[in-house]
Amino acid sequence: MMKLSKLAAAVAFVMAGSAAVAGEVEVLHWWTSGGEAKSVGELKKIMQGKGHTWKDFAVAGGGGDAAMTVLKSRVVAGNPPAAAQIKGPGIQEWANEGVLANLNDVAKAEKWDTLLPGVVADVMKHKGNYVAAPVNVHRVNWMWANAEVLKKAGVASAPKTWDEFFAAADKVKKAGLIAVAHGGQNWQDFTTFESVVLGVGGAKFYQDALIKLDQKALTSPTMTKSLETFRKIKSYTDPAAPGRDWNLATAMVIQGKAGFQFMGDWAKGEFAAAGKAPGKDYICAAAPGTANAYTFNVDSFAMFKLKDAAAQKAQADLAASIMGTEFQEVFNLNKGSIPVRLNMKMDKFDDCAKLSSKDFVDTAKSGGLVPSIAHGMAVSPAAEGAIKDAVSQFWNDDKISVADGVKNIAKAAQTK
Amino acid sequence: MKSFENLLPKLVIAPGFVLGFAFIYGLMIWNGVLSMTGSRMLPNYENFVGLDQYAALWEMDRWYVALKNLGIFSVLYVGGSMLVGMVLAIFLDQKIRAEGTLRTIYLYPMALSFIVTGTAWKWILNPSDGLQKLMHDLGWTSFNFDWLVQSDYAIYCVVIAGVWQSAGFAMALFLAGLRGIDDSIIKAAQIDGASLPLIYWRIILPILRPVVFSTILVLSHLSIKSFDLVMALTAGGPGYATDVPATFMYTMSFTRGQIGLGAASATMMLATVAAIVVPYLYSELRSKPHDR
């Protein structure tokens, strides 16, 4: 009897001891494709190395819609995850509800203010307090091309203007292949659209029309021209595009079935996971007309207020790890993005990432660095959703005239 | 003791009744209250805006598309399922050989969830991988069936998948009804010289009115509930061409962070459905004593 109670006491002691050290972090995200899942696995490894347990909470859906829905129900139930993949104005909306944790202690200890560009740090703060940890910087206005397909079609190099692009696309089509691999989901339509607007109108027009939502810019002839170019791209996509996931469209380019794809640099993660080399197997170039502009999409993890002390410690470690050099390097190598932490050594990164990093710094100085509206970095979810509907409708329904398309988008931009 | 015996059934049913009343009607009222606030991402009761959300709702093109789709889908789904179900039931009622097997086969789709139905039909109706490609491979290269990717026709694909799923159910209900009809009436009609189609049209179908009533009620509630079928088959369609009020409400409330607008659309859905179902219910339940 004595022995049993001593054993029980010993077990209880050990468990209590370990509970005080190791917390559990439940992390909500939608990184479920090949390259992305590998990247999240790196963060899990780092957290497990620190002795914490990682509870993965992956909700599939490329644009994050399903994940956000699940998050809302968890928060309302009073049981939020430790961290969730929230970005842009969404962070401010959540912070306004008063459910995000204050990360100032971690930020001061890790010197975040000196390590983050101003435009990014502002998004991570709410009323001056850090509430989220940024993970990476994605460039959205990329164009990916299969080098082999371009050679077969007789296209010399990646097109730099929209006229050059349509000429190249014609050549690919004539060679019997699909010119543009597209996934018919509304966020993908919108991603292509914002690159077109950026290329046709330039960074200033993009800012006026899609960020400031200025009605004059939205109804200008430049917007009409953007919509015409946008519609023209559709004729180069294949009829099975509606509903296709983004990574399946990238797979079409990887396998040589299609020539081009307009997608952010998370597509590079797919190329990397398939063992393809930049420059040799695939070409990365800024979308036509956008070489001097950079549409950024910063992924971040917002931290929620937790009640358990061990979980809070684990959460603080998570925030510190996310901004740490080890994670920043290994995660971004797998994901296709570049580190958000400034002054990182870019030796291990490939040429596309080096170009992205250089352009990020250059456009920050020249004013060509703009947030991506298609990826929730620019305006409220309500306005973004309404514009996305109007753009997607225009893409899918050929009966909507360009003039009506302009009107619909302008009306949608007025959504509060 | 006798009064307790009379009271006992009421006591047994009372908890279920109270809970049902509270959760169904109470939550409907809560939803109505929510629709009059300016709630965005999470419910916010301090921000009372009256009927502003309804005004915003009726200005959205997407809402009109959703309502139109609900109308098209409900009418075609209920009508189609009943028609196909009735035809199948009449054929199966002719005392054929493999009736049990055929009945089971026709009823199988009902056992699938709408998600499975939606996904399977999405693959079948996909122009590059499904039926159209099959026809092209077999030689009919001008065969065209890309309704799924056309904004105007995508909703009819949802109807096809829905009717496929529920026709068996309607068939089972009608078959049970047909089996319950007294043979002597039919024999009397045949002696009077009525042809078989006339017998079905003038005698049997009117007798089946209660069965028709229950079938319509079940099918219409299934059609309004068809969120998962639409999501699995088209995810709202090319753009939002196959949006229905259920998917509209879900998107607005949970994805776009406009809970007030979503609640308003839910209340409108309730009002529309009530406006059609309640009079029908009333007329059917009232006229029954007269028919007997």
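**Following the salt bridges**

At 58% relative accessibility, Lys348(A) counts as exposed, because anything over 50% falls in that class. Keep in mind as you look around that this model is predicted.

So what does Lys348(A) pair up with? Its partner is Glu329(A): the two side chains meet in a salt bridge, 3.0 Å from N to O. Find Glu329(A) in helix α16 (residues 325-335) of chain A. Lys348(A) sits in the loop between β14 (338-339) and α17 (351-366) of chain A, so this pair ties together parts that are 19 residues apart in sequence. Why would such side chains get together? Side chains of opposite charge can pair when their charged atoms come close.

Next, try Lys234(A) and Asp398(A), whose side chains form a salt bridge of 3.6 Å, N to O. This one links distant parts of the chain, 164 residues apart. Lys234(A) is in helix α12 (residues 221-234) of chain A, and Asp398(A) is in the loop between α18 (381-396) and α19 (402-412) of chain A. Lys234(A) counts as partly exposed, at 22% relative accessibility, while Asp398(A), at 51%, counts as exposed.

Now for a pair that crosses between chains. Arg62(B) forms a salt bridge with Asp389(A), and their closest N and O atoms are 2.7 Å apart. Arg62(B) belongs to helix α3 (residues 61-92) of chain B, and Asp389(A) to helix α18 of chain A. Are these two buried or exposed? Both Arg62(B) and Asp389(A) are buried. They have company, too: salt bridges with shared partners join Asp389(A), Arg62(B), Asp243(B) and Arg256(B) into one network.

Over all chains, the count comes to 26 salt bridges.

Definitions and conventions: Residues numbered from 1 in each chain as written. Chains lettered and ligands numbered in written order. Predicted model: local features only at pLDDT ≥ 70, side-chain atom pairs only at ≥ 80, totals over all residues. Heavy atoms only, no water. Salt bridge = Lys/Arg side-chain N within 4 Å of Asp/Glu carboxyl O. Helix = DSSP H or I, 4+ residues; strand = E, 2+ residues; numbered from the N terminus. Buried < 20%, exposed > 50% of the residue type's maximum accessible area, 1.4 Å probe, protein only.
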